[in-house]
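Dear colleague,

I am passing on the structure below, with its sequence, for you to look through. My notes on what was found follow underneath.

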Amino acid sequence: MIKAILIFNNHGKPRLSKFYEHYTEDTEQQIIRETFHLVSKRDENVCNFLEGGLLIGGSDNKLIYRHYATLYFVFCVDSSESELGILDLIQVFVETLDKCFENVCELDLIFHMDKVHNILAEMVMGGMVLETNMSEIITQAEAQSKMEKSEICAFLSLCRPLSFSVPDRTGRRRPGLLELQHAPYRPSRT
Amino acid sequence: MPAPIRLRELIRTIRTARTQAEEREMIQKECAAIRSSFGEEDNTYRCRNVAKLLYMHMLGYPAHFGQLECLKLIASQKFTDKRIGYLGAMLLLDERQDVHLLMTNCIKNDLNHSTQYVQGLALCTLGCMGSSEMCRDLAGEVEKLLKTSNSYLRKKAALCAVHVIRKVPELMEMFLPATKNLLSEKNHGVLHTSVVLLTEMCERSPDMLSHFRKLVPQLVRILKNLIMSGYSPEHDVSGISDPFLQVRILRLLRILGKGDDDSSEAMNDILAQVATNTETSKNVGNAILYETVLTIMDIKSESGLRVLAVNILGRFLLNNDKNIRYVALTSLLKTVQADHNAVQRHRSTIVDCLKDLDVSIKRRAMELSFALVNGNNIRGMMKELLYFLDSCDPEFKADCASGIFLAAEKYAPSKRWHIDTIMRVLTTAGSYVRDDSVPNLIQLITNSVEMHAYTVQRLYKALLDDISQQPLVQVASWCIGEYGDLLVSGQCEEEEPIQVSEDEVLDVLEGLLVSNLSAPVTRGYSLTAIMKLSTRFSSVNRIKKVVSIYGSSIDVELQQRAVEYNALFKKYDHMRPALLERMPIMEKSATNGPAEIVQTNGETDAPILDTKHPPNIPQPISQANDLLDLLGGNDVVPVIQTTAPTKPASAGGELLDLLGDLSLTGGPAPTPAPSVPMSQPPFLLDGLTSQPLFNDIGAGIPPMTAYNKNGLKIEFTFERSNPNPNIAVITIHATNTTEVDMTEFVFQAAVPKTFQLQLLSPSSNVVPALNQGSVTQVIRVLNPQKQQLRMRIKLTYTHKGSPVQDLAEVNNFPPQSWQ
């Protein structure tokens with residue numbers, strides 16, 4: 001079972017935090033801090049597995065992490081999950097985000113936190129892996145966004161027009177997460 | 001009131017904050033705005049506000065006031081609202097808030113909604129944070145959705161069912177019928193989650209396990225299709241078709257095949273196929289192989305397959321990828337118990353991993369190395385491990401040191417090697433060694449009799465180099481105290497003897513006393529060592545001076561010791577040599593429970609093994625006083641001995657309350673660590689085990705009646721044990737002439753200080769009435785000074801319902817019993 005999924009940047013600022021087991025708010029923040037502390041100390045060419053800190057459940061739990069550009073993706077799992085499998089899962093997650101956001105980078109995650117949550121909800125549910133097929137996940141996520149958009153349009157047509165906020169994208173192309181990742185291999189893009 | 005700002009705006013604003021304080025200010029302002037907006041009960045902007053609240057929650061700010069708003073959003077009809085509402089519920093709510101129960105109705109309605117996405121949202125939320133009450137209420141709905149043909153919903157329902165089962169295990173049966181055709185799905189998502197559901201059910205209930213065993217052929221078929229099928233773009237990850245599903249199926253096969261021959265049989269082929277055909281250049285392939293290896297190890301596979309598995313692990317160990325090596329070490333650790341020999345083959349690779357830079361790998365390699373140590377490879381392994389101990393991080397040193405000690409103890413090829421190894425550990429990682437190793441080491445050193453001179457010499461040299469490592473210093477000072485005479489006389493055969501004078505030794509020990517580096521315990525050790533040397537060295541005056549100085553030390557422990565030693569010099573000088581004799585060999589006692597009865601009479605080299613002088617003096621002093629009270633205060637010698645009565649452990653004998661705590665609790669251990677229950681003077685049992693207590697009939701010593709009152713008669717019969725004429729073995733026979741049994745009969749005895757007494761356990765504690773039987777008990781008395789035997793006895797029993805207690809003195813021992 002996956003106990004928690006955390007995404008934070010190189011300075012420890014959380015970009016996404018989802019816990020599948022219950023902790024108080026303070027504990028959650030402490031876990032994020034402690035995890036950042038453990039993970040940031042790691043060298044580039046060591047293995048991606050860490051025995052977890054004391055807070056997040058002790059001896060049975062491991063931290064499995066990957067570092068992409070400025071972000072750390074950390075999954076805290078217990079012994080029932082395959083460690084190598086979780087590494088692949090992280091890769092699939094990042095690739096899915098890449099497809100959804102077109103060359104995803106940290107800013108995308110910052111400004112579209114809810115969208116990331118929605119995508120994650122299609123992949124992992126209740127601490128267990130729900131779907132690993134990228135296209136399937138994306139299809140579902142997009143269908144739901146379409147539903148939302150149609151509602152907003154319907155709503156707007158009833159009210160006075162409000163200004164739309166355009167997603168914060170400049171014209172130039174920023175290098176995406178996957179291009180700057182430090183993972184040892186690139187997945188084959190079909 | 002202006003429309004609340006959007007989430008993006010908020011995020012942009014917060015990012016412009018330069019300091020934490022600024023950020024806090026902005027957030028507080030926004031929180032206030034959100035709160036007032038909630039207060040206005042405005043439906044239009046609630047969604048936006050909650051989204052902002054969730055963002056602030058992620059940053060770490062309190063957001064509990066949004067919980068009820070989430071519920072209102074969930075109840076709304078709009079999809080957007082519901083979505084944010086459910087997300088908020090998952091992030092902010094949990095079982096401990098009562099509010100969450102209000103969701104139950106909403107979720108129930110949404111589970112039956114016409115739009116699949118709404119149903120999906122409800123399932124997701126229930127599966128993430130549903131409490132047991134909610135699960136109980138909604139399990140029926142989930143079960144219905146498990147049977148639907150919509151694959152999107154089916155897979156979510158399956159995982160939701162897993163959550164329900166985890167929360168409320170009794171509901172497992174309810175989902176059983178729905179699982180019938182789960183595996184015939186084509187959709188991989190559903191397959192995957194179904195396998196998870198089946199795995200959960202099998203793990204929880206053995207009945208389910210046997211029920212699902214019949215699915216093994218089907219699972220094997222699915223796996224085969226996955227491997228054999230060509231390239232399929234949807235499920236492909238790095239060239240392998242749906243590795244996640246493969247891994248899940250392998251795991252389920254592992255659980256199903258464990259302990260069951262038929263299933264294991266059915267799986268053998270497919271496992272061999274997967275193991276040989278999977279491409280290992282990418283992480284995915286290795287993930288599958290790893291899972292396969294674990295499965296092969298757990299089920300009853302044929303031996304060829306097991307060898308294949310271990311070889312795969314061996315290959316993993318050589319892989320450049322650290323992750324793979326880590327995983328290999330972990331699984332080898334699991335299999336080393338079962339397939340020890342196979343893992344031994346990879347020993348050199350594992351030992352190389354000790355030198356890896358990665359902390360996680362080093363730790364695994366260390367644990368595995370300890371598991372692999374055996375009698376054959378002990379020398380080589382120990383070299384590597386000692387090298388590792390030198391160079392590793394402090395967090396490892398304690399574990400490594402303990403492991404080395406354990407391994408050395410089990411497999412040491414020779415005593416000298418053992419001591420050398422210990423010395424090496426103490427000098428390199430001395431400060432990290434665990435506290436309980438000090439007494440163990442001391443015990444080890446005393447036992448290797450022929451190495452005493454060598455040991456003390458080496459320890460002395462180590463002490464000259466470095467006095468900062470406390471365990472080393474403690475062991476060294478103890479040894480110097482014990483074997484100082486060997487040190488000074490320069491009698492070492494093993495290596496070049498060094499020339500040390502008594503003054504130099506005393507200098508070193510005094511240096512320990514004054515040094516700032518010494519812990520209080522260490523100071524205690526060195527003071528005692530100096531004291532012991534007073535019988536072994538000739539420069540007694542110097543020792544007297546040192547001891548008297550510390551009589552006014554601030555440290556209470558030191559002060560007490562010094563005062564008592566002083567007393568020893570002044571008033572009780574005649575006892576000093578006896579007290580400070582060499583320690584006998586200590587038997588290794590069990591860590592729990594009383595010490596074994598020791599029988600090593602002939603082995604120690606020192607002269608008569610007499611009383612011990614425990615470094616822990618205060619206890620005996622108070623105990624001796626108890627004894628004095630008892631015996632009426634004659635021969636006022638504050639006995640600083642721990643007199644003999646051991647807990648006759650194997651006989652489970654009673655301890656004598658009479659003699660107070662006079663060392664009866666297995667002795668205040670002669671070693672400072674109170675946790676080591678020391679076994680007492682060996683001579684009492686003279687090399688005998690508990691069985692034959694005395695080996696010859698006493699040469700006709702007449703029995704005597706010791707006590708005869710109130711119907712209770714106690715008779716003593718005597719034997720002299722052969723090997724040691726100083727020991728008299730007395731058997732008491734207690735008989736009862738009254739009409740009523742005497743129950744809870746306890747016999748206790750005390751002797752003057754010059755004797756030592758051991759009481760074995762009685763035959764029973766009921767003395768039957770009318771002389772129908774008797775209670776017998778054996779007493780052994782050591783009388784080295786051949787003084788007249790006197791004894792005071794105490795009897796307690798219950799007679800006719802009331803407890804009776806009596807004291808008596810026994811003086812009429814026949815001369816043959818003690819001469």
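The notes below begin with confidence and then turn to salt bridges and aromatic rings.

This is a predicted model, in which local features need pLDDT of at least 70 and side-chain atom pairs count only at pLDDT 80 or more, while totals for chains, interfaces and linings use all residues. Residues are numbered from 1 along each chain as its sequence is written, chains are lettered from A and ligands numbered from 1 in the order in which they are written, and side-chain values use heavy atoms, with hydrogens and water left out.

On confidence, the predictor gives the complex an ipTM of 0.80 and a pTM of 0.65. Chain A has a mean pLDDT (the predictor's confidence in each residue, from 0 to 100) of 80, with 78% of its residues scoring at least 70. For chain B the mean pLDDT is 78, and 85% of the residues reach 70 or more. Among the elements of chain B (helices, H or I, of at least four residues and strands, E, of at least two, taken as DSSP runs and numbered from the N terminus), the highest mean pLDDT, 91, belongs to helix α9 (residues 151-167) of chain B, and the lowest, 41, to helix α32 (residues 618-630) of chain B.

Some stretches call for caution. In chain B, pLDDT stays under 50 over residues 590-699, for which the model nevertheless has 228 contacts (heavy atoms within 4.5 Å) beyond four places in sequence. In chain A, pLDDT stays under 50 over residues 162-172, with 12 contacts beyond four places in sequence, and also over residues 182-190, with 19 such contacts. Where pLDDT is low, the predicted coordinates should not be read in detail.

Turning to charged pairs, the structure holds 47 salt bridges over all chains, a salt bridge being a side-chain nitrogen of Lys or Arg within 4 Å of a carboxyl oxygen of Asp or Glu. One of them joins the side chains of B:Arg166 and B:Glu200, at 3.1 Å from N to O. This pair links distant parts of the chain, with B:Arg166 in helix α9 of chain B and B:Glu200 in helix α10 (residues 188-204) of chain B, 34 residues apart. As for accessibility (buried means under 20% relative accessible area, exposed over 50%, partly exposed in between, with a 1.4 Å probe and protein chains only), B:Arg166 is partly exposed at 28%, whereas B:Glu200 is buried at 7%.

A salt bridge also forms between B:Lys532 and B:Glu482, whose closest N and O atoms are 3.1 Å apart. B:Lys532 lies in helix α28 (residues 520-536) of chain B and B:Glu482 in helix α26 (residues 470-489) of chain B, so the pair ties together parts that are 50 residues apart in sequence. Both partners are buried, B:Lys532 at 4% relative accessibility and B:Glu482 at 0%.

Between strands, B:Glu809 forms a salt bridge with B:Arg792, the closest N and O atoms again being 3.1 Å apart. Because B:Glu809 lies in strand β10 (residues 802-810) of chain B and B:Arg792 in strand β9 (residues 791-799) of chain B, the pair ties together parts that are 17 residues apart in sequence. B:Glu809 counts as partly exposed, at 40% relative accessibility.

A network of salt bridges links B:Arg251, B:Arg254, B:Lys258, B:Glu291 and B:Asp298. As for helix α15 (residues 283-298) of chain B, 15 of its 16 residues are buried, so this helix is largely enclosed by the rest of the structure.

Among aromatic rings, there are 12 pairs over all chains, where rings of Phe, Tyr and Trp (its six-membered ring) pair if their centres lie within 6.5 Å, and planes under 30 degrees apart count as stacked, over 60 as edge-to-face and the rest as tilted. A:Phe8 and A:Phe36 form an edge-to-face pair, 5.7 Å centre to centre with 90° between the planes. A:Phe8 lies in strand β1 (residues 2-9) of chain A and A:Phe36 in helix α1 (residues 25-40) of chain A, 28 residues apart, and both residues are buried. Ring pairs link A:Phe8, A:Phe36 and A:Tyr72 into a cluster.

With kind regards
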